[in-house]
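Here are a few notes to read alongside the model, written for someone opening it for the first time. Please keep the viewer at hand as you go through the points.

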Amino acid sequence: MSSFLFDDNGFQDVPNRESSTDLTAADDRTLRWAAPPLDATMLDALVRYQQTYLAQASGQGTETLAKAHTEALAASGLDPKTAEQGSALLRAFGGRRWAVRKLQDKLGQLQGGAADELKGRIQDELAKQERETNALARRYGEDALVLLRAREAELVDLHTRLTHLLSRG
């Protein structure tokens, strides 16, 4: 039996960098096999999917959203499963980075010594969000995270717009 819960046992396709007993790390490494690999071409297709979806989903109702989805799939060249799996990745990344930006804005607004405790809590949360962003590499790969970080501003904007569209009541 392995001496450590996360030993690779000779399987090196997903490097093991875990030094804790965080069970989500094992889940991420397992779920990585189910995720389609993200390269620049796939990222371009996912961005095209989301941009087309946003452009077409301006009206109300499920029919409008269904039509937007169909047109976005056609424009991106993605099949529905790949589009959803890729969108899950973009939501995970975009959500984390959106939170980081909001926390940084809040930190910039705080002044004076009275806010030191709040500044400390915000800095702790920023560090947590950075760790969680970096942990996406376990599930989607180091190269995928590099691609996402290179287009962070665009992806956070898309995430914000999609969240606004889909959460309107």
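Of the 29 residues in the largest nonpolar core, which touch the most other members?

1. **The centre of the core.** Let me answer that straight away, with the reminder that this is a predicted model. The residues that touch the most other members of the largest nonpolar core are Leu38, Leu43, Tyr49, Tyr53, Leu78, Leu148 and Leu155. At least two residues of this core come from each of helix H2 (40–56), helix H3 (62–76), helix H4 (80–109), helix H5 (116–140), helix H6 (142–150) and H7. H2 gives the largest share, 8 residues.

2. **A second core.** You will also find a separate core of 6 residues, and Val100, Ala115, Ile122 and Leu126 are among them.

3. **The overall plan.** It may help to step back here. The protein has 7 helices and 0 strands, so from the N terminus on its elements read α-α-α-α-α-α-α. Of its 169 residues, 35% are buried. About 10300 Å² is exposed, with carbon and sulfur atoms supplying 53% of that area.

4. **Contacts along the chain.** Take the contacts in the protein with a separation of 6 or more: 61% of them join residues 24 or more positions apart.

5. **Helix H2.** This helix deserves a slow look. Its 17 residues, at 1.5 Å a residue, should span 24 Å, and the end C-alpha atoms are indeed 24 Å apart, which agrees. The buried residues in H2 are Met42, Leu43, Ala45, Leu46, Val47, Tyr49, Gln50, Thr52, Tyr53 and Leu54. They pack against H3, H4, H6 and H7. As background, an α-helix has 3.6 residues a turn, so residues three or four places apart point the same way.

6. **Leu43 up close.** What does Leu43 touch, once residues up to four places away in sequence are set aside? Its partners are Leu38, Leu90, Leu147, Leu148, Arg151 and Leu155. Leu43 is itself one of the buried residues of H2.

7. **Asp157 in H7.** Finally, turn to helix H7, residues 152–167, where Asp157 lies. Is Asp157 buried, exposed or partly exposed? Asp157 counts as partly exposed because its relative accessibility is 39%, and that class sits between the cut-offs of 20% and 50%. Asp157 and Trp98 are 59 residues apart along the chain, and their C-alpha atoms are separated by 8.6 Å.

Note on methods
Residues numbered from 1 in each chain as written. Predicted model: local features only at pLDDT ≥ 70, side-chain atom pairs only at ≥ 80, totals over all residues. Heavy atoms only, no water. Helix = DSSP H or I, 4+ residues; strand = E, 2+ residues; numbered from the N terminus. Buried < 20%, exposed > 50% of the residue type's maximum accessible area, 1.4 Å probe, protein only. Contact = heavy atoms within 4.5 Å. Areas by Shrake-Rupley, 256 points an atom, 1.4 Å probe, with all protein chains shown as cover. Core = buried A, V, L, I, M, F, W, Y, C linked by side-chain atoms within 4.5 Å. Expected span 1.5 Å × (residues − 1).
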